[in-house]
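User: Please take a close look at the nonpolar core of this model and describe how it relates to the rest of the fold.

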Amino acid sequence: MTTGIYPGSFDPVTYGHLDIIDRASKVVDKLIVGVLTNSTKSPLFSMEERVRMIQDLIRKYGNVEVRAFSGLTVDFAHENGATVIVRGLRAVTDFEYELQLSQTNKVMAPDIDTIFFTTNLQYSYLSSSTVKEIASYHGDIHMFVPEEVEKRIREKFTP
């Protein structure tokens with residue numbers, strides 16, 4: 001049985017993330033969406049809120065679960081018996097960063113491989129940061145995130 005992890009901050013989860021979850025769930029037997037605490041970012045949503053949002057959106061999958069974590073991704077993978085790290089690539093700039101990260105992970109954990117999914121073209125420009133910026137100016141974000149996520153984002157930007 002192959003277990004994969006898909007780590008990220010998911011602040012907020014977007015249609016691009018959900019596309020990767022959907023596709024990766026068909027490649028591995030079990031997929032764990034690892035919601036990480038990134039010490040270099042100030043999240044819009046708490047860890048608990050991000051985990052709950054993703055849990056609500058992945059109910060249809062029998063082989064996907066969500067767990068919070070902090071620390072090294074390879075340690076999280078080992079703790080969960082994962083042998084695959086799933087990453088999404090939007091552009092060449094993502095590839096350069098992700099390749100370096102995957103090679104570093106491979107040195108630290110030779111038993112773990114990284115699988116890259118190129119983002120569906122309709123989401124290739126999409127990032128959580130962009131969604132938050134548009135929402136902060138009360139712009140329309142319905143085409144970037146599911147309705148329930150949009151509602152939660154709107155609540156964060158309502159005085």
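Analyst:
**The nonpolar core and the sheet**

In this predicted model, the largest nonpolar core comprises 33 residues, and those with the most contacts inside it are Ile21, Leu31, Ile54, Val86 and Ile153. Two or more residues are given to this core by each of helix H1 (15–25), strand S2 (30–36), helix H2 (47–57), S3, S4, helix H5 (128–136) and helix H6 (147–156). Of these elements, H2 gives the most, with five residues.

Ile153 can be followed individually: leaving aside residues up to four places away in sequence, isoleucine 153 touches Pro12, Leu44, Phe45, Val131, Ala135, Ile141 and Val145. Apart from the largest core lies another one, of 11 residues, which includes Ile32, Phe69, Ala77 and Ile85.

Turning to the sheet, five strands form an open arrangement in the order S3-S2-S1-S4-S5, and their pairing is parallel. Strand S3 (64–69) and strand S5 (113–118) stand at the edges, and because each has a single partner strand, one side of each is left without a neighbour in the sheet. From one strand to the next, the twist averages 30°.

Within this order, strand S1 (residues 3–8) and strand S4 (residues 84–89) run parallel and are joined by two bridges, and glycine 4 stands opposite valine 84 in S4. Strand S4 thus appears in both parts of the picture, as a contributor of two or more residues to the largest core and as a strand bridged to S1.

Methods. Residues numbered from 1 in each chain as written. Predicted model: local features only at pLDDT ≥ 70, side-chain atom pairs only at ≥ 80, totals over all residues. Heavy atoms only, no water. Pairing = 2+ DSSP bridges. Helix = DSSP H or I, 4+ residues; strand = E, 2+ residues; numbered from the N terminus. Axes fitted to C-alpha atoms, helices over the stretch in contact; angles between N-to-C directions. Core = buried A, V, L, I, M, F, W, Y, C linked by side-chain atoms within 4.5 Å. Buried < 20%, exposed > 50% of the residue type's maximum accessible area, 1.4 Å probe, protein only. Contact = heavy atoms within 4.5 Å.
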